[in-house]
Amino acid sequence: MLESYEGIHNFWFENGASSVTFLEYDDGLIAFDSSLYPKKFEEMSQVIEEKTSKKLKKVFFTHFHPDHTFGCLFSKINADIFINSKTLELTLNIDKEFLRESSQIADFNFNNLKEALNKKNIYVFERSIYSILHNQIIIGENLDGHTIDSTIFVIKPQNYIITGDLVFSNVHAEILNSNLDEWISKLQQMEKLQIEKVFPGHGKVGTKTLIKEQIKYLKDKKKGTPLEKKYSQYLLPELTYLT
């Protein structure tokens with residue numbers, strides 16, 4: 001489903017799949033994440049390019065998980081990719097078995113990951129990135145928590161925040177290999193920011209309430225609460241078995 005706000009367009013999916021967000025700026029478009037599927041990302045990009053009469057020029061990743069990065073990395077789209085150094089390292093070290101499994105899920109050959117990366121224009125940043133786009137500012141910050149490379153992007157002056165998988169919206173969170181204490185701490189810091197809209201990694205856009213709900217969910221996980229039962233309305237309950 002496509003929803004548009006002031007200068008920003010968000011694709012979210014009722015099956016709980018990863019979201020993709022496009023930001024308009026003076027002479028182009030920026031995508032945040034890109035789904036698992038190259039064709040799907042190309043189709044979404046085309047829709048927004050036609051809607052705005054602007055060209056996709058940059059892509060920012062929130063973390064290394066393939067359902068957020070492979071759509072762009074294996075697409076035919078020639079856009080500059082901005083990536084945290086930890087995200088790049090983790091991407092380069094995805095094991096071959098996982099690549100084979102992802103290839104089967106997507107019905108696409110992801111086994112040549114390093115070759116795909118070599119074909120892209122990639123700009124690496126460390127803990128933070130600060131980009132001025134005429135009348136807008138993007139502030140990116142690596143926070144850790146969900147993954148060690150989890151990166152948020154704050155867009156000013158709209159006060160939008162793109163959280164990646166630090167926030168899920170009515171979707172069970174993937175907590176495998178996550179640092180729960182760090183995740184909760186970073187969300188509590190995020191709560192203090194001036195935020196109008198929260199663009200989660202999975203699920204529908206919301207307000208700061210999404211951050212509060214995510215903190216509660218993670219605290220319940222720490223307590224040993226049966227998440228599938230307590231949050232029975234959430235999508236993708238199978239993710240609770242991966243933790």
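This note goes through the salt bridges and one surface patch of a predicted model.

1. Salt bridges as a whole. The count for this model comes to nine salt bridges. The points below take up some of them, grouped by the elements they join.

2. Glu24 and Lys54. These two residues form a salt bridge, and their closest N and O atoms are 3.5 Å apart. Glu24 belongs to strand S3 (residues 20–25), while Lys54 sits in the loop between helix H1 (38–52) and strand S5 (56–60), so this pair ties together parts that are 30 residues apart in sequence. Lys54 has a relative accessibility of 23% and counts as partly exposed, because the buried class ends at 20%.

3. Asp181 and Lys222. A salt bridge joins these side chains, at 2.4 Å from N to O. Asp181 is in helix H6 (residues 180–191) and Lys222 is in helix H7 (residues 209–223), so the contact ties together parts that are 41 residues apart in sequence. Asp181 is partly exposed, at a relative accessible area of 48%. For Lys222 the relative accessible area is 48%, which again means partly exposed.

4. Lys212 and Glu191. Helices H7 and H6 are also joined by this pair: Lys212 lies in H7 and Glu191 in H6, so parts 21 residues apart in sequence are tied together. The side chains meet in a salt bridge of 3.0 Å, N to O. Lys212 has a relative accessible area of 48% and is partly exposed. Glu191, at 21% relative accessibility, counts as partly exposed.

5. A network. Lys216, Asp220 and Lys230 are linked to one another in a network of salt bridges. Lys216 and Asp220 fall within the residue range of helix H7, which runs over residues 209–223.

6. The nonpolar patch. Which residues make the nonpolar surface patch of about 320 Å²? Tyr130, Ile132 and Ile139 make it. Ile132 is found in strand S8, which covers residues 128–133. Is Ile132 buried or exposed? Ile132 is exposed, with a relative accessible area of 60%. That value qualifies Ile132 for the patch, because patch residues need over 30% relative accessible area.

7. Points to look at in the structure. For the contacts between helices H6 and H7, the residues to find are Asp181 with Lys222 and Lys212 with Glu191. For the contact between strand S3 and the loop before strand S5, they are Glu24 and Lys54. For the nonpolar patch, one of the residues to find is Ile132, in strand S8.

Methods: Residues are numbered from 1 along each chain as its sequence is written. This is a predicted model: local features need pLDDT of at least 70, side-chain atom pairs count only at pLDDT 80 or more; totals for chains, interfaces and linings use all residues. Side-chain values use heavy atoms; hydrogens and water are left out. Patches are made of residues with over 30% relative accessible area and no salt bridge: like charges are joined within 9 Å, nonpolar side chains (Val, Leu, Ile, Met, Phe, Trp, Tyr) within 5 Å. Accessible areas come from the Shrake-Rupley method with a 1.4 Å probe; for residues, only the protein chains shown count as cover. A salt bridge is a side-chain nitrogen of Lys or Arg within 4 Å of a carboxyl oxygen of Asp or Glu. Helices (H or I, at least four residues) and strands (E, at least two) are DSSP runs, numbered from the N terminus. Buried means under 20% relative accessible area, exposed over 50%, partly exposed in between (1.4 Å probe, protein chains only).
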